[in-house]
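Morning, everyone. I have one structure to walk through today. Please bring it up on your screens.

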Amino acid sequence: MDNGARLRLLGEGARFDVSVPSTLAAQTALADRPGSIYEALSPDGRRVRLLKVLLSNACRYDCAYCATRCSRDIPRASFRPEELARLTDELTRAGLISGLFLSSGIVGDADNQMARMIETVELLRHKHQYRNYIHLKLLPGVSEAAVTTALGLADRLSLNLEAPGPERLSAICPGKSFERDLVRPLRWARRLAAPGQLRSGLTTQFVVGAAGESDRELIATTWRLSAEIGLARAYFSGFQPVPDTPLENAEPIPAGREHRLYQAEFLTRAYGFALDDLVFDEQGMLPIDLDPKMAAALAHEEDFPIEVNTADRSQLLRVPGIGPTSAERILQVRGKHKLTALRHLQILGARTDRARNFITLGGRYYPREEPALQLSMGL
Ligand code: SF4
């Protein structure tokens, strides 16, 4: 199989991995390399194009949702480390990509395959003098030594948890231990990272809905691990059925569920929300027709309205339409000028159409009816 055909096949195998620097924006329309080059926004707002590829799509595991599972009859291929390193360097020099996202199926022992991925990145860094962004996947079950080596090479490391706990994992990924194979390498990465390493953080990913888990389970696990090992973020990839797998007739997960999970996770990460501040239904699901911040505010009406001129930062961040940036501006400006009109908040970046039912300005209240119906999107 030539390089182009392998790139298509192994790029397609990496399609469901969404662990890119920030929100996946779009797949580029490179006609000869579909499924291998993706565009994303970096944390500082730059557009980056990643070659997203597997080193091999051969795998000994049989995960129920996965297109690459061992019992599926599909063409298998691999790159040798020197081939993929050279190809990545050539695509970068040609201006087609600005970074690499490297994952792999697991052929044989996890450390052996991880060693081949590490060799690829070492060749890039040392032989090709590659200084661009590299996101390297840690394979389930890798050793502490492999994690230590990977830390010295990649900008970002990640390891997919797939499900929010041991029981859910065993339902879809037989043979993987949640704590030993998945959580432990993430803990090592956090503990062993030297200053200057992991510049783009440590992340994980869940396959949403494949194991029948609730949103509450997903957010609870993310919240716990973020506190314990400082996850930069979690990615939520909605389950999509793949032909010729045990879940081929299961319902796909709508994009709206992913969106609400990202919003809820962001509230816990950037707004200081605790798990119990969020609103879940009896099945542990986030409301689909209302964003999580608005749902939380409406569920705690007794806390509102708050007076913008005296509220502390955490109170301001509970108000729909006020985010971390506008909250900081409010705190700075109100020390010199009293805020007395909605337009003052608009100038500071707040969404007053969302905020007005939850605040007073100089004691004056500006309510509007039915905020939930009008304001169901965004934070
Ligand atoms: S370990 Fe599981 S999810 Fe990963 S490639 Fe193999 S079968 Fe797919």
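Start at Leu157. Setting aside its neighbours within four places in sequence, Leu157 is in contact with Leu136, Leu138, Ala150, Leu151, Ala189, Leu198 and Leu202. Keep in mind that this is a predicted model.

Why look there? Leu157 belongs to the largest nonpolar core, which has 98 residues. Together with Ala150, Leu157 touches the most other members of that core. Which helix gives the most to this core? Helix 3, residues 110-127, with six residues. Both domain 1 (3-273) and domain 2 (292-374) give residues to the core, so the core lies between them. As background, nonpolar side chains tend to be buried together in soluble globular proteins.

Now the domains. The protein is divided into two: domain 1 covers 3-273 and domain 2 covers 292-374. How far apart are their C-alpha centres? The answer is 38 Å. At the contact, seven residues of domain 1 meet five residues of domain 2. On the domain 1 side, the residues that touch domain 2 are four nonpolar, two polar and one charged.

Next, strand 8, residues 233-238. Is this strand mostly covered or open? Mostly covered: six of its six residues are buried. Look at the two faces. Arg233, Tyr235 and Ser237 point one way. Ala234, Phe236 and Gly238 point the other way. Residues on both faces are buried, Arg233 included.

What about the neighbouring pairing? Strand 7, residues 202-208, runs parallel to strand 8, and six bridges join them. One pair to find on screen: Gln205 has Tyr235 of strand 8 as its bridge partner. That is the Tyr235 that shares a face with Arg233 and Ser237. And Leu202, where strand 7 begins, was on our contact list for Leu157.

Move on to the other sheet I want to show. Three strands form an open sheet in the order 9-10-11, with mixed pairing. Which strands are at the edges? Strand 9 (306-307) and strand 11 (364-365), each pairing on one side only. Strand 9 and strand 10, residues 359-361, run parallel and are joined by two bridges. There, Ile306 has Ile359 of strand 10 as its bridge partner.

Last stop, the ligand. Which residues are around it? Cys59, Tyr61, Cys63, Cys66, Thr68, Arg69, Gly105, Ile106 and Cys173. By class, this shell divides into six nonpolar, two polar and one charged.

That's the tour. Questions, please.

Notes. Residues numbered from 1 in each chain as written. Predicted model: local features only at pLDDT ≥ 70, side-chain atom pairs only at ≥ 80, totals over all residues. Near = placed C-beta within 6 Å. Nonpolar A, V, L, I, M, F, W, Y, C, P; charged D, E, K, R; others polar. Core = buried A, V, L, I, M, F, W, Y, C linked by C-beta atoms within 7 Å. Buried ≥ 20, exposed ≤ 12 C-beta atoms within 10 Å, placed from the backbone. Helix = DSSP H or I, 4+ residues; strand = E, 2+ residues; numbered from the N terminus. Domains from an automatic or database assignment. Contact = placed C-beta atoms within 7 Å. Pairing = 2+ DSSP bridges.
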